[in-house]
Amino acid sequence: DKKEKRRHILIYNFKVYLVMAFCVAVVSMYSKLTGSSNSVVGVTVLLAVLVLRQADFGIRTTHGLLSIAGIFGILMAGPRLANIVPPLAAFAVNAVCILLLMILGCHNVIMYNHSTFVLGYLLLLGYDVTGKEYTFRVIGLYKNQRNRAYRRTFLDLFREFDLKSARSRWYVKLTLIVSSAMLFMNLLGLPRAMWAGIACMSVCLPFTEDCIPRSVSRGMFNVVGCLLFIVLYLVLPKSMYPYIGMIGGIGVGYSAGYPWQTAFNTFGALSIAAGIFGMPAAIALRIGANVLGAAYTVICNKVTDKVAEYIGTNKCAENLS
């Protein structure tokens, strides 16, 4: 009835704003303790907390702690190293780090943990710091995991890595697509290379047939998000610009599906980039990185699948002969 409906609407609204308040509190705490340039550390840890309270690594809990140590060790060192070496060396660093993150955190594919840890890696890569701020960044990266019972051990994550399996091929595919997309951005001298990496990661799903509709949503709703951001940027006073990202976060809370989550997620990224590059340049860069990154992922998926199919056919022919 109407009374029950109003009650559920009230509960849902309370949940959205409660989660938003919690997120703001955690990120603000990290910013205060480790410096404003390290707010991305708060975002990374917050994502891990929110996701891993329900997801897991698919191995024994005590061994899961080794995965956590390895993952956060990579997050501490990988982005910093990739930012101080030339583009080709950075490609190698990114490829190794992302592949290890996939192996350590995404053995249970249906949990989708790679979207948390690879995203965290790309955010830390894009918002790099040095000196004392980097020291605070290292201090700020930590996480624990709740108890779960599994027979699989930490070493099984590596023992079960086999290019004959669809899961391992997906690891390699995502790693190379994300790393090469950022390499091209770096070679072209374009900023925010991690935007292209995040777009590729988001579109490169375990099953190739799911990639095309995801890429369409990624490109289309990034454009929608940019248009909404332009409206807010022109209508709101400058004093409200820092809150556009928060408006986007509330929008994500109300979004039930990937398309509108994608649209509202543009707000936070653009609110920072617009202050650095100017609004028109930030919009052009955001749309270009996401649309081209999504298209690049679809093309690479098709090519790699054709190559794998060709190799498999040849092997079958050799076995028959």
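# A guided tour, starting at helix 1

Select Lys2, Lys3, Lys5 and Arg6 to begin: together they gather in a patch of positive charge on the surface. Keep in mind as you go that this is a predicted model. Lys2 belongs to helix 1, and with a relative accessible area of 66% Lys2 is exposed.

**Stop 1: a pair along helix 1**

Stay in the area and pick Arg7 and Glu4. What joins their side chains? A salt bridge does, at 3.3 Å from N to O. Both residues sit in helix 1, which covers residues 2-34, and they are 3 residues apart, about one turn of the helix. Colour the two by accessibility if your viewer can do that. Arg7 is partly exposed, at a relative accessible area of 45%, and Glu4 is also partly exposed, at 37%.

**Stop 2: the end of helix 1**

Now travel along helix 1 to Thr34, which is found in that helix. Is Thr34 buried or exposed? Its relative accessibility is 7%, so Thr34 counts as buried, the limit for that word being under 20%. Add Phe136 to your selection and draw a distance between the two C-alpha atoms. Thr34 and Phe136 are 102 residues apart along the chain, yet 5.1 Å separates their C-alpha atoms.

**Stop 3: salt bridges around helix 8**

The structure holds 5 salt bridges, and you have already visited one of them, between Arg7 and Glu4. For another, select Arg167 and Glu160, whose closest N and O atoms are 3.6 Å apart in a salt bridge. Arg167 has a relative accessible area of 25%, which makes it partly exposed. Glu160 is partly exposed as well, with 28% relative accessibility.

Next, select Lys173 and Asp305. Here the closest N and O atoms of the salt bridge are 3.1 Å apart. Which parts of the chain does this pair link? Distant ones: Lys173 lies in helix 8 (residues 166-187) and Asp305 in helix 13 (residues 279-320), with their positions 132 residues apart in the numbering. The two partners fall into separate accessibility classes: Lys173 counts as buried at 13%, while Asp305 counts as partly exposed at 27%.

**Stop 4: helix 8 from end to end**

Show helix 8 on its own for a moment. How many residues does it have? There are 22, and the helix reaches 31 Å from its first C-alpha to its last. That is close to the 32 Å expected at 1.5 Å a residue.

Now step past the end of the helix. Helix 8 is followed by Gly189, which has a positive phi, near 75°.

**Stop 5: the loop after helix 8**

Carry on into the loop between helix 8 and helix 9 (193-203), where you will find Leu190. Leu190 is partly exposed, with a relative accessibility of 36%. Draw a line from its C-alpha to that of Leu47: the two residues are 143 residues apart in sequence and 27 Å apart in space.

In the loop between helix 8 and helix 9, select Arg192 too. What is notable about its phi? The angle is near 55°, a positive value in a residue other than glycine. Most residues other than glycine have a negative phi. Arg192 is buried, with a relative accessible area of 12%.

**Stop 6: a loop between helices 10 and 11**

Move on to Met240, in the loop between helix 10 (211-235) and helix 11 (244-254). Met240 is partly exposed, its relative accessible area being 32%. For a view across the model, select Leu157 together with Met240. How far apart are they in space? Their C-alpha atoms are 47 Å apart, while in sequence the two residues are 83 residues apart.

**Stop 7: a nonpolar patch**

For the last selection, choose Ile299, Val303, Val307, Tyr310 and Ile311, and switch on the surface display. These residues make a nonpolar surface patch of about 490 Å². Ile299 has its place in helix 13, the helix that also holds Asp305, the partner of Lys173. At 53% relative accessibility, Ile299 counts as exposed, because that class covers values over 50%.

To round off, show two selections together: the positive patch of Lys2, Lys3, Lys5 and Arg6 where the tour began, and the nonpolar patch that includes Ile299.

Notes. Residues numbered from 1 in each chain as written. Predicted model: local features only at pLDDT ≥ 70, side-chain atom pairs only at ≥ 80, totals over all residues. Heavy atoms only, no water. Salt bridge = Lys/Arg side-chain N within 4 Å of Asp/Glu carboxyl O. Helix = DSSP H or I, 4+ residues; strand = E, 2+ residues; numbered from the N terminus. Buried < 20%, exposed > 50% of the residue type's maximum accessible area, 1.4 Å probe, protein only. Patch = residues over 30% accessible without salt bridge, like charges linked within 9 Å, V, L, I, M, F, W, Y side chains within 5 Å. Areas by Shrake-Rupley, 256 points an atom, 1.4 Å probe, with all protein chains shown as cover. Lys, Arg positive; Asp, Glu negative; His and termini not counted. Charge placed at Lys NZ, Arg CZ, Asp CG, Glu CD. Expected span 1.5 Å × (residues − 1).
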